[in-house]
Amino acid sequence: MHRIATPVIVISLLGAPGFAAAQGLGRIEARIGETDMRWQTITTARNSGTEASAALRFGPRLTELQIQGYPGAEFTSANAISVDLRYLGQFAPDAVPMSVDILYMPDGMGGPFWTSNGATVVPTVRVLELDVWGAFGRIDLLFAGELCLRKIISAATDPERCQEVTGRIETELFVDYGMSGGTRRP
């Protein structure tokens, strides 16, 4: 479901006292193999603005949804997860993404990595709800797939060492029109 609400709602959601201090936008919950896990989506002050780890970018030919989750309300590469979707053209309810990438980094950038890229099971997503209010929005989606091991990011995916992943993302997000490459807000 895709709804457009008035900007007054955005102010009440994102302009509430304590929003910037908490830095939390939402949550990601997933089961990887036999382990239940939780992450937060966050905002970070950077370069005299605010960047979000959850962003929806509308472009003339491509719509991208990029969501990164962290174990706490601060940026880290250890125990982080990323779910990225790309749609050809504008997003529409019930649209099937042209690509879905899920990446889990238990120990950070040094590896190992667990990725859906190269897995035998193609990841799927189901957007339950997407609301957009100008430069802000909220999404609720389900994802599932298979994550396979890469010892280092440049290594080939090992299709013999994989584990199932299922999860849900419920988060507020920043919205960018025009794919200018930024998710910053003043």
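This report walks through some ring pairs, salt bridges, a pocket and a few single residues in the structure above. Keep in mind that the model is predicted.

**Aromatic pairs**

Let's start with the rings. The structure holds five aromatic pairs. One of them brings together Trp39 and Tyr104: the ring centres sit 5.9 Å apart and the planes meet at 65 degrees, so this pair is edge-to-face. An angle over 60 degrees is what earns that label. The two partners come from distant parts of the chain, with Trp39 in strand 3 (residues 35-46) and Tyr104 in strand 8 (residues 99-105), 65 residues apart. Trp39 and Tyr104 are both buried.

Another pair is made by Phe136 and Phe174. Here the ring centres are 5.5 Å apart and the planes are at 85 degrees, so this pair is edge-to-face too. Phe136 belongs to strand 11 (residues 136-150) and Phe174 to strand 12 (residues 158-177), so the pair ties together parts of the chain that are 38 residues apart in sequence. How do the two rings fare for exposure, buried or partly exposed? Phe136 has 21% relative accessibility and counts as partly exposed, whereas Phe174, at 4%, counts as buried. The cut-off for buried is under 20%, so Phe136 does not qualify with its 21%.

**Salt bridges**

Next come the charged partners. How many salt bridges does a search of the whole structure find? The search turns up eight. Three of them are set out here, with the gap between the closest N and O atoms.

| Salt bridge | Closest N and O atoms |
|---|---|
| Glu170 and Arg27 | 2.3 Å |
| Asp140 and Arg168 | 2.7 Å |
| Arg86 and Asp101 | 3.2 Å |

Take the bridge between Glu170 and Arg27. It links distant parts of the chain, since Glu170 is in strand 12 and Arg27 in strand 2 (residues 24-32), 143 residues apart. Glu170 is buried, with a relative accessible area of 18%, while Arg27 is partly exposed at 30%. These two residues also belong to a wider arrangement: Arg27, Glu29, Arg38 and Glu170 are linked in a network of salt bridges.

Asp140 and Arg168 form another bridge. Asp140 lies in strand 11 and Arg168 in strand 12, so the pair ties together parts that are 28 residues apart in sequence. Asp140 is buried, at 13% relative accessibility, and Arg168 is partly exposed, with a relative accessible area of 33%.

Then there is the bridge between Arg86 and Asp101. Arg86 sits in strand 7 (residues 80-88) and Asp101 in strand 8, and the two are 15 residues apart. Arg86 is buried, with a relative accessible area of 19%, whereas Asp101 is partly exposed at 26%.

**The second largest pocket**

Now for some empty space. The second largest pocket has a volume of about 160 Å³. Its lining is made of Gln68, Tyr70, Phe75, Thr76, Ser77, Ala80, Ile81, Ser82, Asp84, Leu103 and Met105. Two elements, strand 7 and strand 8, each give two or more residues to this lining. Which of the elements gives the most? That would be strand 7, with four residues. Sorted by character, the lining has six nonpolar residues, four polar ones and one charged one.

**A few single residues**

Thr43 is found in strand 3. It is buried, with a relative accessible area of 5%. Leaving out residues up to four places away in sequence, Thr43 touches Gln23, Leu25, Thr50, Glu51, Ala52 and Phe174. Phe174 is a name you have met already, as the ring partner of Phe136.

Two spots in the backbone are worth a look as well. Gly111 and Pro112 are joined by a cis peptide bond, with omega at about 0 degrees. Pro112 falls in the loop between strand 8 and strand 9 (113-115). The other spot is Asn79, which has a positive phi of about 55 degrees although it is not a glycine. Asn79 lies in the loop between strand 6 (62-69) and strand 7, and it is partly exposed, with a relative accessible area of 21%.

Terms used. Residues are numbered from 1 along each chain as its sequence is written. This is a predicted model: local features need pLDDT of at least 70, side-chain atom pairs count only at pLDDT 80 or more; totals for chains, interfaces and linings use all residues. Side-chain values use heavy atoms; hydrogens and water are left out. Rings of Phe, Tyr and Trp (its six-membered ring) pair if their centres lie within 6.5 Å; planes under 30 degrees apart count as stacked, over 60 as edge-to-face and the rest as tilted. Buried means under 20% relative accessible area, exposed over 50%, partly exposed in between (1.4 Å probe, protein chains only). A salt bridge is a side-chain nitrogen of Lys or Arg within 4 Å of a carboxyl oxygen of Asp or Glu. On a 1 Å grid over the protein atoms alone, a cavity is a set of points where a 1.4 Å probe fits but cannot get out, and a pocket is an open set with protein on both sides within 12 Å along at least five of seven lines; lining residues have an atom within 4 Å of a point. Grid points are joined across faces, edges and corners, and a volume is the space filled by probe spheres set on the points. Ala, Val, Leu, Ile, Met, Phe, Trp, Tyr, Cys and Pro count as nonpolar, Asp, Glu, Lys and Arg as charged, and the others, Gly among them, as polar. Contact means heavy atoms within 4.5 Å.
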